[in-house]
Amino acid sequence: MAEQNELTDINGRPISLDCQTYSPFCREFTVSSPKVSLCKVTVCTCSVWLFAYAVFFVTENTAVLSSAIIVTLVGMMLHIHLVKVDRETLLVIGSLGVQLSTSYASGRESTTFIEMGRIKDIVINEAVYMQSIIYYLCILIKDSADPNGVSSVVPLFQSSKPRLNCLVQVYKSCQEIIAQAQ
């Protein structure tokens with residue numbers, strides 16, 4: 001069973017939530033962001049190069065043009081490889097644990113696995129962000145010394161920053177799986 005909803009992030013940009021149910025104990029949630037806009041890349045590149053050409057016209061120094069090209073290309077490569085996230089995936093398997101995956105625009109992937117025995121709960125938390133309150137989904141990790149304590153908090157969907165309506169859907173589904181697993 002797969003369902004897909006059109007949603008927005010905290011900045012109003014469109015994101016999509018894809019929910020895949022593999023079994024009553026296994027669900028995968030994927031939050032996807034739009035691909036890199038060719039129009040935005042072109043506008044940014046042209047702006048930097050026009051500014052560099054204007055400086056070159058005044059100074060008649062060709063190093064300015066070369067520097068602008070190199071800085072633009074390196075900047076785009078770093079943005080695509082380190083910053084631009086295409087999708088974030090949360091795979092919840094009731095008997096095993098939770099796998100968090102982040103896929104970048106360059107194709108690089110980052111994956112983390114948290115065993116179910118280490119998870120105390122999955123909750124929606126709130127935070128102050130840029131003079132507003134935002135909500136985020138997080139995993140509470142059990143404290144090994146204190147069974148009722150929390151040793152750390154692992155935030156989910158850090159790059160896509162979905163709004164509360166998206167988080168509630170994921171939260172309810174995760175709670176169903178955790179309740180069945182216990």
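**Entry 1: Leu90 and the core**

I began at Leu90 and, setting aside residues up to four places away in sequence, I found that Leu90 touches Arg27, Glu28, Phe29, Val98, Gln99, Leu100, Leu156, Phe157, Val170 and Cys174. I note at once that this is a predicted model, so every contact in these entries is one computed from predicted coordinates.

I then looked up the largest nonpolar core, which has 25 residues, and saw that Leu90 is among those touching the most other members, together with Leu17, Phe29, Ile139, Phe157 and Val170. The elements giving two or more residues to this core are the strands β2 (14–23), β3 (26–32), β4 (85–93), β5, β7 (119–129) and β8 (132–142), along with α3 (164–181). I recorded that α3 provides the largest share, with six residues.

**Entry 2: salt bridges**

How many salt bridges does the structure hold? I counted two.

In one of them the side chains of Glu176 and Arg27 meet at 3.1 Å, N to O. Glu176 belongs to helix α3 and Arg27 to strand β3, so this pair ties together parts that lie 149 residues apart in sequence. Arg27 is buried, with a relative accessible area of 11%, whereas Glu176 is partly exposed at 41%. I had already met Arg27 in the list of residues that Leu90 touches.

In the other, the side chains of Arg13 and Asp9 meet at 3.3 Å, N to O. Here I noted that Asp9 counts as buried at 4% relative accessibility, while Arg13 counts as partly exposed at 47%.

**Entry 3: Thr102**

Is Thr102 buried or exposed? I read a relative accessibility of 15%, and because buried means under 20%, Thr102 counts as buried. Thr102 is found in strand β5, which covers residues 97–104, and leaving aside neighbours within four places in sequence, Thr102 is in contact with Val85, Arg87, Glu88, Arg108, Glu109 and Ser110.

**Entry 4: a nonpolar surface patch**

On the surface I found a nonpolar patch formed by Ile70, Val74, Leu78, Leu82 and Val83, with about 460 Å² of accessible area together. I checked one of these residues, Val74, which is found in helix α2 (residues 62–83) and is partly exposed, with a relative accessible area of 45%.

**Entry 5: confidence**

Last, I looked up the confidence values: the protein averages a pLDDT of 86, and 96% of the residues score at least 70. Among the elements, strand β6 (residues 109–115) has the highest mean pLDDT, 94, and strand β1 (residues 2–8) the lowest, 63. Where pLDDT is low, the predicted coordinates should not be read in detail.

Technical notes. Residues are numbered from 1 along each chain as its sequence is written. This is a predicted model: local features need pLDDT of at least 70, side-chain atom pairs count only at pLDDT 80 or more; totals for chains, interfaces and linings use all residues. Side-chain values use heavy atoms; hydrogens and water are left out. Helices (H or I, at least four residues) and strands (E, at least two) are DSSP runs, numbered from the N terminus. Buried means under 20% relative accessible area, exposed over 50%, partly exposed in between (1.4 Å probe, protein chains only). Contact means heavy atoms within 4.5 Å. Patches are made of residues with over 30% relative accessible area and no salt bridge: like charges are joined within 9 Å, nonpolar side chains (Val, Leu, Ile, Met, Phe, Trp, Tyr) within 5 Å. Accessible areas come from the Shrake-Rupley method with a 1.4 Å probe; for residues, only the protein chains shown count as cover. A salt bridge is a side-chain nitrogen of Lys or Arg within 4 Å of a carboxyl oxygen of Asp or Glu. A nonpolar core is a set of buried Ala, Val, Leu, Ile, Met, Phe, Trp, Tyr and Cys residues joined through side-chain atoms within 4.5 Å. pLDDT is the predictor's confidence in each residue, from 0 to 100.
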